[in-house]
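Work through the exercises below with the sequence and the 3D view side by side. Try each task before reading its solution.

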Amino acid sequence: MWLYLFIALGLFCSALRIPIMLGKIGINSTRVSLARLDKKQYYCIQNFFVQKNGASIDYVIISRYGIFVIKMSTQKGIIEGTEHSDTWTQQVLKRKRRFANPVKQCKIQAKAIRKLLQTNKIPVIPIVVFGMSAQLKIKVNTHVILANNLLNIIYRYDQEVLTSSEMEKIIKEFNGYTSQKNIRKTRIYNVKDILEERKRLVDADICPKCGNKLVIREGKGRKYKSCSKYPKCKFRHGL
Ligand SMILES: [Zn+2]
């Protein structure tokens, strides 16, 4: 049973070209011809939208069961956090570190996708995926999972909400956004939300880049908020 699951996951990941984080279990991301079969049901766009800082949505999966917005997190160790907190913590051995709440980021991305769709009829499901070396101690309503659980979650949505032609239309549309002309339009949606979230964090003295505290510094007669982890993190915001 497990063997089949792993093989299925391997196929799925290679179909989606998800960088395999399952190395520890020994799965190679070999591309198999079955990949094509999967694509008919689950169409994947990698690195969808360009955001201001160059980041993009890791994976958007379009299916007849809904649209999945997937954010990959590379944090390892014990992960603690809640749905609405600004930052989460990662603990490796005795070292604790904060990082920006990935659920919030993923929800912002899902919201942007909803705006693109211009309808509430189609469910847009945010999923945050951690690698197998993470241990999740989190309290969330959003899907935050380890990589080996991704298939389970996606297959849990089994109610068809789109016809094949509707799905095709969305795929076409979304692929269209990657053209130069439209990329600006999609940027606007996204950047506005991100800037709002960024402003909120800066006001709360939290670095939007890395989640550590912001401190007020002065240089050349000007005051600015800067990351307490400077020079490791170079975030600064003029006052
Ligand atoms: Zn920082």
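**Exercise 1. Overview**

How many helices and how many strands does the protein have?

Solution. The model is a predicted one, in which local features need pLDDT of at least 70 and side-chain atom pairs count only at pLDDT 80 or more, while totals for chains, interfaces and linings use all residues. Residues are numbered from 1 along each chain as its sequence is written.

Step 1. Helices (H or I, at least four residues) and strands (E, at least two) are DSSP runs, numbered from the N terminus. The protein has six helices and twelve strands.

Step 2. A residue is buried if 20 or more other C-beta atoms lie within 10 Å of its own, exposed if 12 or fewer, and partly exposed in between, with C-beta atoms placed from the backbone. Of the 239 residues in the protein, 28% are buried.

Step 3. Two residues are in contact if their C-beta atoms, placed from the backbone, lie within 7 Å. Taking contacts with a separation of 6 or more, 50% join residues 24 or more positions apart.

**Exercise 2. The open sheet**

In what order do the five strands of the open sheet stand, and why is one side of β1 and of β9 left without a neighbour?

Solution. Step 1. Strands of a sheet pair through backbone hydrogen bonds, either parallel or antiparallel. Two strands count as paired if DSSP finds at least two bridges between them.

Step 2. The order of the open sheet is β1-β2-β3-β7-β9, with mixed pairing. β1 (42–46) and β9 (143–146) are at the edges and have a single partner strand each, so one side of each has no neighbour in the sheet.

Step 3. On average, neighbouring strands of this sheet are turned by 25° against each other, direction ignored. The angles are between axes, which are lines fitted to C-alpha atoms (for helices over the stretch in contact); angles run from 0 to 180 degrees between N-to-C directions.

Step 4. Inside the sheet, seven bridges link β3 and β7 in the parallel sense. One can be located from Lys 71, whose bridge partner in β7 is Val 128.

**Exercise 3. Two hairpins**

Find β5. How many bridges join β5 to β6?

Solution. Step 1. Start with β4 (residues 77–82) and β5 (residues 87–92), an antiparallel pair with three bridges. The hairpin from β4 to β5 passes through four residues. Ile 79 has Gln 90 of β5 as its bridge partner.

Step 2. Now move on to β6 (residues 95–100), which is joined to β5 by six bridges and runs antiparallel to β5. Here Thr 87 is opposite Ala 100 of β6.

Step 3. The hairpin of β5 and β6 has two residues between the strands, and Leu 93 in the turn has a positive phi of about 55°.

**Exercise 4. The nonpolar core**

Which element supplies the largest share of the largest nonpolar core?

Solution. Step 1. A nonpolar core is a set of buried Ala, Val, Leu, Ile, Met, Phe, Trp, Tyr and Cys residues joined through C-beta atoms within 7 Å. The largest one has 34 residues, and Val 60, Ile 62, Phe 68 and Ile 113 are among those with the most contacts inside it.

Step 2. At least two residues of this core come from each of β2 (59–63), β3 (66–73), α3 (102–117), β7 (124–130), α4 (150–156) and α5 (164–177). The largest share is that of α3, with seven residues.

Step 3. Leaving aside neighbours within four places in sequence, Val 60 contacts Ile 45, Phe 48, Ile 67, Val 69, Ile 113 and Phe 174.

**Exercise 5. Backbone details**

Where is Gln 118, and is Gln 118 buried or exposed?

Solution. Step 1. Gln 118 is in the loop between α3 and β7. Gln 118 counts as exposed because it has 8 C-beta neighbours inside 10 Å. Its phi is positive, about 55°, although Gln 118 is not a glycine.

Step 2. Compare Asp 205, in the loop between α6 (180–203) and β10 (214–219). Its phi is near 60°, also a positive value in a residue other than glycine. Asp 205 is partly exposed because 13 other C-beta atoms lie within 10 Å.

Step 3. Last, look in the loop between β11 (222–227) and β12 for Pro 231. The peptide bond from Tyr 230 to Pro 231 is cis, with omega near 10°.
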